[in-house]
Amino acid sequence: LFLVQLESIAMALSRVAVLLLGPGLVNAAPERRAPKSVNLNGRYSVSTGTKQDVHFNDDYASKGHEYFDMWAPEIATHYGEVFWTEQGDQPIPDHIRERFNGKVIAITGYEFDQVMVDPTGQPGVNPEKDISVPINWAYNHHYMFWLTGKHSELRRVAADAGDPMAHGAQHKTIAVDLPSAALRADPSIPTSQWFSEGNGGESRKSFHGYPNGFAQLVDSPTTFRMNPMQIDTRNRDCGVTRADINNCTQFVPGPEPRQARFGRPAPKGTNYSGILECPCNSRFGGDPMFYPDSKTKIVSHNYLAVSSGTCPGKVSIESAEQCFAAAAEMGFNVTRLVNKSTSDANLPEDCSITQQRDGSAIVNFNTGGKATCQSGMKRTGEATSRVNVTLSLSMDASNLFCRSKPGKYCSGKRDAVLKEFKMASSLYEHAFKARNDCEKYCLKDRRCWGCSVDCPNAPLLYGRLGKACQWTARSSCEKEEIWQGMIEGDVSKLKNDEDLDSAAVTITVSGPADRWFGVGLNASRMFDQPYALICNESGVLEQKLGTCGEEARHCPGTQLESSVKVVSNTVSNGRRTIVMSRGLHGLTPNHYSFDMEDSGTMHLITAIGHSQTFAYHQAHGPAEMSLSSTGFPTCICDAGQAAKLCESGGTSCSQFVKGCVAEPNGDLLEQRNPTCNSQTYVGGLSCCGHKRIMLDADQEIRPELLRYHMKIRFWFQEYTLAPSGKAASHANLERIYYQTEANAGEYDIPPAFARGQPIPGYAGWPEDKPTPGTTCTGTCPDGPDCDCVHTITHHWTMSETRLIYAGGHCHAPSCVSIDLYRNDTGTPQLLCHQATRFGQGNFPTDKFDEAGYIMLPPCLWSDDTSEGLEPTQWLPKNTPMFSVKKTQNTHWGHYGDMASWQMRGVHFEPPKLPDVLI
């Protein structure tokens, strides 16, 4: 109240002064104007919650922050060329490195630009002569860069398709602490930082800073490294030098491949190039719809071996011809195949394979079958990957049980029963199946003593078959009783654990003799962290892949204690073959345990190295092994079509199925989004590798090179330690990352309607039906008021996180909005609304205002009311969250768009305000 009264008195005196002296004498002092910003890119817009353009001070220098600039090495590209690779380590300025040696720098924000320098190839010599390269010359698809200190180093590791930390690349870089990091006075201070927020076409005019008291901390910084993904979209008729900066200031599109823009021609007056969306083309991945003879997408049929039950989802094979061809294609480890068409109730319906004792196999196409698929006590399989690594398995558990003659059963307490295996009928085959299923269970449960026939509900049935009988897996057998008997193995005792851990499995691996080669079991990607066998001239290493830390899931991993016995290691015709044996049970939980009743299909990953020393691989590829059982039918099921994306002519192919999230947590599978697998894939990161040209093979590659550098301005303050009982000067902000396009890394936005043209990825889509995810208003599809929006959502949970910064990442020039919600009360609360701002075409007056390009003002939160922001958001354990992304698609679609949330926060609650007595 006292302060309010003083303010009122001061205002009254001011009004009196104006009346007595006139306004000129009161304002005689120079007008107070905000100092000119030294921000690299000028002033920014900031959001907080649902509020846009809040009065937050985005001018770093006015708050006393300092800066230093970094230029990455030169990028030189042809029209249509992709530049997507790391650019090596660059030392930070000497005065910064020396000043913060043994101290902590607090990075309070950064700015991004792409510039032509003078003299060419000498960045930083004349920074005042830097010329910003328009985003419609060189499109920044995304970037990642690192600031590392003397206690850390960067390592390059493999990444899988869909790995969100790799942004779609085949490899990724991670920062790893050096041993010295643990010896510091405060080991909790980060030794490195990764920057990747608002990192695309929105990057130059989207704010990348934080409220007071928050920063990204680095101990003793020394090194900068940039990894940009750039796509050259500058029409060469307009020129690519500094002298051409004012040519074609309104975008002039260059050539585009036939598959660009979902096969639609560029609209008149377009503001962007279709090649920035990475369309597959006749050089790589192009769809047969556009390129029937290029062999850039090879479609094949997939089949699945199933060892128990029936084919899932009614995907059985419906003709003898398809059955016999599938069995031959799947590569079962048998000496020969004998094909039979039959009608036998004792075999599974449709297609199955039964291995014989002599190593051959009978393939049956059966009508009228009533039996199910089964796995026996002997199983074999073999597979060869595209990098020519071959794995053969032979599992034999037939000698691991001592089976009694008919006429025995175990008596004793019922609590010794671990599991029951009931007979389906009074047929002998169902007695054998119940016994075999019980034995296979015992192979997995170390508590199991063995199996016994048991008729607890019908004791008078002992001595004859009946549905009331069963086999039970038991932890003990108190006494073996005598009865008339049923089958061999009425009592089946498991041998000692030593027998399980002996040579029940024979493993044969072959690959190139002059380098290491390896295979990971039961895995489709390194992300699965499989048990792997690494082979070379010295023998076999057993490895648990990917155990180097949370963001190092694809590291070489941890070497395991040896559990295999090498039987032979031979070389013939340049190929090394190693035969080894081991038990069914893994020596530790990290060792793979073989299961006699697992699925009949085992997924594998394989790799070959550069030398005999196990290190980063030279090449890698998946494989799929089909397992069959001796004496028991394995079903062969139709798994549908698949496709490989290839270089022109069908070489250097890749195949993938991404981890697209199903309803109710995600929309991509429900919407049949083409990005989810290589069969329907039509454009995006997988077609946009480093040095690829995003043109068809018959389109000219112009010789003129666009030459420029990525430039980063780091803003910083000095970090000071916490005085006794108080907080340090800055809290470190950890990265928090979620994708609305859940686990796919990107997604496609189809045009709203086919409108007389087929839609790639949506074969046969009806003419007047909106494409999945699309909602429209007005008279559609052809009315002038037709307006359509494509929407995706994703639901997840977050725990014990306090949000400080949240920025969405959006590529499409028609991106409308991206919204973040919390839903812990049942009524969704909008946390952050990011509304896209589009450039108006005022270039070159405003060098960052290219028509149609976007900026996304991020959301900031602060508990300091003077900053003009909403309070920070504390998310308790398992807080439900969801994101909604909207993109306009009335007439045009987009490949490879993104909708990720790149956030920063802390994991401690905001300080509690003291109670105030009023």
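This is a short tour of strands, disulfides and aromatic contacts in the structure above, one selection at a time. Keep in mind that the model is predicted.

**Stop 1: strand 5 and its partners**

Start by selecting residues 104–116, which make up strand 5. Color the selection by accessibility and you will find that 13 of its 13 residues are buried.

Now bring in the neighbors. Add residues 706–718, strand 37, which pairs with strand 5 in the antiparallel sense over 10 bridges. To see the register, show Tyr110 and look across to Phe714 in strand 37, which stands opposite. Keep Phe714 displayed, as we will return to that residue.

Next, add strand 11, residues 214–219. Strand 11 runs antiparallel to strand 5, and 4 bridges join the two. Here the residues to label are Ile107 and, opposite, Gln216 of strand 11.

Finally, select residues 131–132, strand 6, which pairs with strand 5 through 2 antiparallel bridges. Met116 has Ile131 of strand 6 as its bridge partner. While the side chains are on display, recall that in a regular strand they alternate between the two faces of the sheet.

**Stop 2: the aromatic cluster**

Which residues join Tyr110 and Phe714 in one aromatic cluster? Select Phe68, Phe100, Phe112, Tyr143, Phe145, Phe195, Phe224 and Phe716 along with those two, and you have the cluster on screen.

A search of the whole structure turns up 30 aromatic pairs. Among them is Phe195 with Phe714, an edge-to-face pair with 5.6 Å between centres and 70 degrees between the planes. This contact links distant parts of the chain: Phe195 belongs to strand 10 (residues 192–195) and Phe714 to strand 37, 519 residues apart. Both Phe195 and Phe714 are buried.

For another edge-to-face pair, move to Phe656 and Tyr681, whose ring centres are 5.4 Å apart and whose planes meet at 85 degrees. Both residues lie in the loop between strand 36 (651–654) and strand 37, so the pair ties together parts that are 25 residues apart in sequence. Phe656 and Tyr681 are both buried.

**Stop 3: charges over rings**

Go back to Phe100 of the cluster and show Lys103, which lies over the face of that ring at 5.9 Å from the ring centre. Then select Phe284 together with Arg692: the charged end of Arg692 sits over the Phe284 ring, 3.6 Å from its centre.

**Stop 4: the disulfides**

Select the cysteines and show their side chains; the structure holds 15 disulfides. We will visit some of them.

Begin with Cys438 and Cys451, joined by a disulfide with an S to S distance of 2.1 Å. Is this disulfide left-handed or right-handed? The torsion about the S-S bond is about -100 degrees, so the disulfide is left-handed. Cys438 lies in helix 5 (residues 428–444) and Cys451 in strand 22 (residues 450–454), so the bond ties together parts that are 13 residues apart in sequence. Relative accessibility is 0% for Cys438, which counts as buried, and Cys451 is buried at 0% too.

Next, zoom to Cys646 and Cys653, a disulfide whose sulfur atoms are 2.1 Å apart. In this disulfide the torsion about the S-S bond is about 110 degrees, so it is right-handed. Cys646 and Cys653 are both buried.

Then take Cys776 and Cys788, also joined by a disulfide, S to S 2.1 Å. The torsion about this S-S bond is about 110 degrees, so the disulfide is right-handed. Cys776 lies in strand 41 (residues 774–777) and Cys788 in strand 42 (residues 787–798), so the pair ties together parts that are 12 residues apart in sequence. Cys776 is partly exposed, with a relative accessible area of 29%, whereas Cys788 is buried at 0%.

For contrast, select Cys402, which is in no disulfide; the nearest cysteine sulfur, that of Cys451, is 13 Å away. Cys402 is partly exposed, with a relative accessible area of 46%.

**Stop 5: helix 5**

End on the helix that carries Cys438. Put a distance label between the end C-alpha atoms of helix 5: they are 25 Å apart, which agrees with the 24 Å that its 17 residues should span at 1.5 Å a residue. Color the helix by accessibility and look for its buried residues, including Ala431, Ala434, Arg435, Tyr441 and Leu443.

Terms used:
Residues numbered from 1 in each chain as written. Predicted model: local features only at pLDDT ≥ 70, side-chain atom pairs only at ≥ 80, totals over all residues. Heavy atoms only, no water. Buried < 20%, exposed > 50% of the residue type's maximum accessible area, 1.4 Å probe, protein only. Helix = DSSP H or I, 4+ residues; strand = E, 2+ residues; numbered from the N terminus. Pairing = 2+ DSSP bridges. Disulfide = S-S within 2.5 Å. Expected span 1.5 Å × (residues − 1). Phe/Tyr/Trp six-rings, centres within 6.5 Å; stacked < 30°, edge-to-face > 60°. Lys NZ or Arg CZ within 6 Å of the ring centre and 35° of its normal.
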